[in-house]
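Subject: A structure for you to explore

Hi there,

Here is the structure I promised to pass on to you. Have a look around it first, and then read on for what turned up.

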Amino acid sequence: MIFSSVPFLYYFFPVVILLSLAVSRRQQDGRRTAGRLTNSILLLASLFFYGYGEPKYLLLMVFSILSAWALGLLVPKSRLAFLVSVVISLGLLGWFKYADFFVESFAAVTGIPAEPLGIALPIGISFYTFQILSYTIDLRRGKIAPQRNLIRFAMYVSLFPQLIAGPIVVYKNVEPQLDPHARIITAESLYGGARRFLMGLGKKVLLANQLGQLTEIFGGLDAADRSVAFYWIYALAFSLQIYFDFSGYSDMAIGLGRMLGFTFPENFNYPYISRSITEFWRRWHMTLGGWFREYVYIPLGGNQVSFGRWVCNLFVVWALTGLWHGAAWTFVVWGLFHGLLLLLEKRWLGGILAKVPTFAAHAYTLLLVGISMVIFNADSLQEAGEYLLSMFGLGSVSAGSTLTWYYLRSYGLLLMAAIFGATPLPKKIVGCIEERAGKTDFGKKVLEWAEPAALACLLLVVTAYLVDGSFNPFLYFRF
């Protein structure tokens with residue numbers, strides 16, 4: 001089940017929120033059992049949500065939860081329990097996500113024939129494995145105490161709003177919210193959460209999905225029908241698609257969490273306004289970057305080591321970051337490419353970028369991010385190389401074509417809307433309107449009705465797209 005689907009929007013979540021509200025009211029009336037019931041409802045809902053599409057992988061997640069919880073009780077005093085827990089988590093992730101990748105890579109390097117194992121990837125395994133690992137590592141570090149309540153721990157790992165697409169939630173940050181008595185659902189949290197959810201839903205369905213259609217069209221064209229200009233349009237379209245898909249899902253997760261009384265961390269902060277790759281990674285998928293920094297980069301020594309060791313640390317982290325996104329060499333190269341750019345900026349380019357005009361720094365960042373996204377979305381390193389050569393006119397393609405201009409006219413308004421939406425300008429314009437309108441009683445009354453009406457219209461439009469069976473890809477199957 002995915003957020004941008006009719007079953008989730010009109011069946012699953014309405015039932016969950018109504019049950020949560022009913023139990024929350026009983027809890028506020030002082031009934032002790034209501035608190036335990038709140039967590040039980042959310043846990044059962046999360047397990048149903050995860051098992052809806054592939055019930056067999058629900059057993060895998062339950063095993064991961066039970067083993068991590070049981071071993072976690074021993075971890076503070078037992079190094080063996082810590083190692084076993086980490087091996088189980090990484091072992092399951094490695095087997096289901098990377099076994100075929102290693103088999104194919106071994107065959108390619110050695111020339112020894114080897115058949116892929118055909119292991120299907122359980123959805124969301126990268127996300128919930130990282131959450132379990134953060135819990136286990138922080139236990140060993142003495143930063144947290146073992147969670148003795150199995151229901152609370154299971155809810156932390158499986159909570160459906162952020163289970164399959166993030167943001168990655170670290171246990172020590174969410175621990176207080178696992179206590180049902182610490183979560184209060186109010187009219188304000190419901191409305192604020194619904195607004196955030198619907199904005200994310202709009203990003204996903206109205207922008208990301210439509211941009212995805214353009215990238216699919218490009219991928220299905222014969223080489224003779226492509227052009228240098230179309231390659232750049234494709235790079236722009238995919239860069240915007242993945243941003244609106246990722247950030248849209250994060251918005252939806254944060255909104256759902258707020259409606260249920262949780263506060264999840266922000267995950268995106270207008271990355272495409274960055275003036276450097278370093279700044280880009282402070283704004284893009286922030287919870288993933290924070291996880292790797294705290295649990296991999298700093299334990300390796302971070303930048304408090306010799307230059308050679310630091311370079312090694314940097315490339316290890318970015319190779320792993322690439323592999324986290326998918327089991328393919330394209331992801332590894334994508335990660336190493338960003339690692340190289342960060343190295344260059346930290347040692348040489350940082351000072352230059354601080355002095356050049358803002359537009360030049362933005363252009364530099366967007367160019368390199370666009371190139372990296374082409375690598376990220378390629379099916380193979382060979383395809384990535386062919387795409388990049390063609391983008392710079394080094395392939396056997398024309399500069400432009402009639403087909404290129406046709407699709408540019410067809411999708412031009414969408415691309416401009418997406419570019420505009422990827423900046424803080426829409427938020428600033430809305431804030432300006434609200435500030436001016438709020439100065440009069442009439443303006444305040446208009447605002448009270450205008451925003452809910454606009455959100456209701458947004459939901460209707462999105463529903464129409466979903467009912468119509470529009471293109472609705474789920475990028476997170478690769479993660």
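A word you will need straight away is helix: here a helix is a DSSP run of H or I with at least four residues, and helices are numbered from the N terminus. Please keep in mind that this is a predicted model.

Let's start with one small residue. Gly200 sits in helix H8, which covers residues 187-220. Is Gly200 buried or exposed? Its relative accessibility is 0%, so Gly200 counts as buried, the cut-off for that word being under 20%. Its surroundings come from elsewhere in the chain: setting aside residues up to four places away in sequence, Gly200 touches Gly248, Asp251 and Met252. You can also look at Phe244, which is 44 residues apart from Gly200 along the chain, while their C-alpha atoms are separated by 8.2 Å.

Next, the charged pairs. Side chains of opposite charge can pair when their charged atoms come close. The count for this model comes to 11 salt bridges.

One of them joins Arg141 and Glu294, with 3.9 Å from N to O. Arg141 belongs to helix H5 (residues 125-141) and Glu294 to helix H11 (residues 286-297), so this pair ties together parts that are 153 residues apart in sequence. Both partners can be reached from outside to some degree: Arg141 is partly exposed, at 35% relative accessible area, and Glu294 is partly exposed too, at 21%.

Glu294 has another partner. Its side chain also meets that of Lys143 in a salt bridge, at 3.7 Å from N to O. This pair again links distant parts of the chain, since Lys143 lies in the loop between H5 and helix H6 (150-158), 151 residues apart from Glu294 in H11. Lys143 counts as partly exposed, with 49% relative accessibility. If you step back, you will find a network of salt bridges that links Asp138, Arg141, Lys143, Lys172 and Glu294.

Now try the pair Asp245 and Lys204. How far apart are their closest N and O atoms? The distance in this salt bridge is 2.9 Å. Asp245 is in helix H9 (residues 228-259) and Lys204 is in helix H8, so the bridge ties together parts that are 41 residues apart in sequence. Asp245 counts as buried, at 0% relative accessibility, and Lys204 is buried as well, with a relative accessible area of 0%.

Let's go back to H5 for a moment. This helix has 17 residues and reaches 24 Å from its first C-alpha to its last, close to the 24 Å expected at 1.5 Å a residue. Of its 17 residues, 15 are buried, so H5 is largely enclosed by the rest of the structure. Just after H5 comes Gly142, with a positive phi of about 80°.

On to the nonpolar residues. In soluble globular proteins, nonpolar side chains tend to be buried together. In this model, the largest nonpolar core has 139 residues, and those with the most contacts inside it are Phe8, Phe160, Phe197, Tyr272 and Trp284. Which helix gives the most to this core? It is H9, with 18 residues. Phe160 is a nice one to click on: beyond its neighbours within four places in sequence, its contacts include Phe3, Phe8, Phe12, Phe13, Val16, Leu256 and Leu260.

Another residue to visit is Thr321, in helix H12 (residues 307-325). Thr321 counts as buried, with 4% relative accessibility. Apart from neighbours within four places in sequence, Thr321 is in contact with Leu288, Phe292 and Trp334.

Finally, two backbone details. Most residues other than glycine have a negative phi. Tyr270, although not a glycine, has a positive phi of about 50°. You will find Tyr270 in the loop between H9 and helix H10 (277-283), where it is partly exposed, with a relative accessible area of 21%. His285 also has a positive phi, near 45°. His285 is placed in the loop between H10 and H11, and it is buried, with a relative accessible area of 2%.

Enjoy exploring!

Best wishes

Note on methods
Residues are numbered from 1 along each chain as its sequence is written. This is a predicted model: local features need pLDDT of at least 70, side-chain atom pairs count only at pLDDT 80 or more; totals for chains, interfaces and linings use all residues. Side-chain values use heavy atoms; hydrogens and water are left out. Helices (H or I, at least four residues) and strands (E, at least two) are DSSP runs, numbered from the N terminus. Buried means under 20% relative accessible area, exposed over 50%, partly exposed in between (1.4 Å probe, protein chains only). Contact means heavy atoms within 4.5 Å. A salt bridge is a side-chain nitrogen of Lys or Arg within 4 Å of a carboxyl oxygen of Asp or Glu. The expected span of a helix is 1.5 Å times one less than its number of residues. A nonpolar core is a set of buried Ala, Val, Leu, Ile, Met, Phe, Trp, Tyr and Cys residues joined through side-chain atoms within 4.5 Å.
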